[in-house]
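Colleague: I am preparing a class for first-year students and would be grateful for a close look at a single part of this model. Please choose one strand, describe its surroundings, and then place it within the whole chain.

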Amino acid sequence: MQERRRTTKYLLPVPFAMVLFVSIVSGVLFMQNTLMKLTIEERSNQLEEMVIQIQANLDSGLQIHWNLVTGLNNAVGGTHFENTQELCDGIARLEELFCTDMYGSRVMLLDEQGTAYLSDGPAGIWYDISHLLDEKKQHTFVSETDTINGSFLVFSQELDSPITMGEGNVRFTHIVLLKDIQTVKQYYTTTTYGGSAATYIIKKNGTLAYFDADDDDVIGARNIYKALKEAEYVQGRSFDMIKEQLDRDGIVAANILLNRTEYYYCLTSLKNYDMTLMLLLPADCVAVSTMDMMNSTIRTQTIFISAMALLMLLAFFSLIKVQRSIQMVKLEQETNKELNRLRMEAETANAAKSTFLNNMSHDIRTPMNAIIGFTNIALKHSPSPEIRSCLDKISDSSEHLLSLINDVLDISRIESGKIQYAPTPVDIAEVSDSVLTIMYGNLSNRDITFRTELEEPQTRYVLTDAVRVREVLVNILGNAVKFTHDGGIITYSVSYHPGKDDRHINVRYRISDTGIGMSEEFADHIFDEFSQEERGARTQYKGTGLGMTITKRYVDLMGGTISVESRKGIGSTFTVDLPMEITDACEVKQKDCPGGSTDLTGLKILLAEDNDLNAEIAIVQLEELGMQITRAADGEEAVRFYAENPQGTFDLILMDVMMPKMNGYEATKAIRSMQNRPDAVTIPIIAMTANAFAEDVQASLDAGMNGHLSKPIVMDEVVKTVSTVTGQCQALL
């Protein structure tokens, strides 16, 4: 009887252990299945976000062509041509005037019979005329007819005033912009997935209009929709389900098997252009880090659960405490190892984020430089009122976009610790004056009363970050202008108070307005990221909702405080207190020359710029100031031009940084190291680049440059910097 009890005692834990083992295995399998579903969902979401960005780029790029068509319509509508030759010459002049070759496009006119006329003569009946037979005035589609060789994206506009030709007054009713389909690539090309992504432009009926990828087409079919329908789908989906979601939501992602390889694709409708954009790439290229993390998590959880199960079994069978302690020590070591691995992964991810910010800043600022530069050039050539209105809107939108980009980059860099507080000696009264100069410009077209209450400081010279102080005040004052209706009042006051000791003061800035104000609930969250009290405010007042977040971060960085008092419909008052250390007047740096205060006529410039558009903009704007420009297409050519020309040929070098063959840093070092040129050490070299962060400025100086200009280029800053480094003006206190 006693033996039976002992046997029962030892066998009793066995069923419990079996149940525990089955539960653990089931839990692990369930967890794997759940994580796999989450990974598939994240892959789809990531791909959809990428395609949405590509779609936005494509829409923005193609909208430029509609603006071009509108300009062509306004320029040629109602014109009469005597004969065919005069008509073709007129088309050629239009193409030259509107620089259509820069956009990879041609201009075509259609008469009432459907005959197409190009700059090189009549092209016969245009077989795509059937697309224009509805009542719409504008049409966009892909053309592949034999009338004109090539595949084109068509932008067709019915003329507001028909063109006539000859004594018979042959009527031309449509003007057409034919854009080479291959030039659309610049708007949707992405290197996010290391060149593994393939992009398809698909017609409404599912046939392929254009394909772009580094490798061969894995689908290999003329009708993409038919090929997708016949493919094997993962997770039990079908193309009919995908097509239904595409028609409903305008975007959809799915994963399929092609040649035994899993792929992800994302479809998005380009409704305004009667086409669909598809991005296709191998599954192992999407959410790689998430997949690694999932596998690591499963391994870690499996090890952890197995260890716990082992400990429980050891407890059931009353194993000795020493063995249990060893197991716990082993588990702790594995946990520490995993924590170290996760820490290293986090550091790697942070470094990747910094690289992404640098690349993003450069890649966005380069086209922004072209947009802003060409707009400013066009505005200087006395355009018609209609064109000036369009150019003014482009200029305003460009400046707004640039401010949004700067906000996003600033908040990311603040969060990553890239921005540090570096106080320098400044005249604090001049900081307030510079803020007023900016605000008077913002108020030039507004009916707002702007009052100032500026206390005269007993000590003018302090240690602070003037750029950050100015940005804080301009952000708050800019919001006051934005949210105050005409007829309102804005008050800007500055006062000075004792600091923590005799070597410190506290500067108090108070900004009040009679604007729309805000609720008490929202006032508690005004410094949160992306905060806007009403959804409608985003449409009416625009912005990222990051301005006040950045302002708060800068104030915190400088050791200050910021508070707000507001009542909805009454107005708001912001109070900023900044502690500053007193310094001597002799330590305050001298001012640079004000922009435009010197004559730079005849200054000989060597411009190193690989981007043709940016080079064209810089040359036009610099030559307008009387400078003589020699352009080098890359760093290697810049070094050669400098070496092959005698001393005195160039007064200054403007050096882009990111160039092929030899970048700007390498080119600068090569010039500085020329032993046979005494002027190689002294010639001023200024970086002129889309790399705009503080570390980029320092890198330029470390490479031997004398200054740094960030794109988009502001000519006042160019003149000021060039004047300073060439000694064209006298620095003043």
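Modeller: Two strands are said to pair if DSSP finds at least two bridges between them. The strands themselves (E, at least two residues) and the helices (H or I, at least four residues) are DSSP runs, numbered from the N terminus. This is a predicted model, in which local features need pLDDT of at least 70 and side-chain atom pairs count only at pLDDT 80 or more, while totals for chains, interfaces and linings use all residues. Residues are numbered from 1 along each chain as its sequence is written, and side-chain values use heavy atoms, with hydrogens and water left out.

The part I have chosen is strand E13 (275–282). One of its partners is strand E8 (residues 198–203), which runs antiparallel to E13 and is joined to it by six bridges. Within this pairing, Ala198 has Leu280 of E13 as its bridge partner. Strand E12 (261–270) also pairs with E13 in the antiparallel sense, here over eight bridges. In that pairing Tyr263 is matched with Pro282 of E13. Strands of a sheet pair through backbone hydrogen bonds, either parallel or antiparallel.

Is E13 buried or exposed? A residue is called buried under 20% relative accessible area, exposed over 50%, and partly exposed in between (1.4 Å probe, protein chains only). Eight of the eight residues of E13 are buried, so the strand is largely enclosed by the rest of the structure. In a regular strand the side chains alternate between the two faces of the sheet. In E13, Met275, Leu277, Leu279 and Leu281 are buried on one side, and Thr276, Met278, Leu280 and Pro282 are buried on the other, which leaves both faces covered.

Helix H6 (residues 239–249) belongs to these surroundings, and its buried residues include Phe239, Ile242 and Leu246. Viewed down the axis of H6, the buried residues fall within an arc of 55°, so they line one face of the helix; the arc is that of the directions from the helix axis to the C-beta atoms. An α-helix has 3.6 residues a turn, so residues three or four places apart point the same way. The buried residues of H6 pack against E13, and also against helix H5 (224–230), strand E10 (232–233), strand E11 (251–258) and E12, where contact means heavy atoms within 4.5 Å. On the other side of H6, Glu244, Asp247 and Arg248 are exposed. Just after H6 comes Gly250, with a positive phi of about 85°.

We may now turn from E13 to the chain as a whole. The chain has 19 helices and 25 strands, and buried residues make up 44% of its 733 residues. Of the contacts between residues at least 6 apart in sequence, 64% join residues at least 24 apart. Although Cys88 is buried at a relative accessible area of 4% and Cys266 at 0%, the structure holds zero disulfides, a disulfide being a pair of cysteine sulfur atoms within 2.5 Å.

Elsewhere, an open sheet of five strands has the order E22-E21-E23-E24-E25, with parallel pairing. Its edge strands, each pairing on one side only, are E22 (628–632) and E25 (707–710). Neighbouring strands of this sheet are turned by 25° against each other on average, direction ignored. Between E23 (residues 652–655) and E24 (residues 685–689) there are three bridges, and Leu654 stands opposite Ile686 in E24. Ile686 is also touched by Thr721, as is Leu709, not counting residues up to four places away in sequence. Thr721 lies in helix H19 (residues 715–726) and counts as buried at 16% relative accessibility.

Helices also meet one another. Axes are lines fitted to C-alpha atoms, for helices over the stretch in contact, and angles run from 0 to 180 degrees between N-to-C directions. The axes of helix H10 (residues 428–442) and helix H11 (residues 466–482) come within 10 Å and cross at roughly 35°. This crossing of H10 and H11 is right-handed. A crossing is left-handed if the near helix is turned anticlockwise from the far one by less than a right angle, and right-handed if clockwise. H11 and helix H14 (residues 547–557) have axes that come within 9 Å and cross at roughly 145°, and H11 passes H14 in a left-handed crossing.
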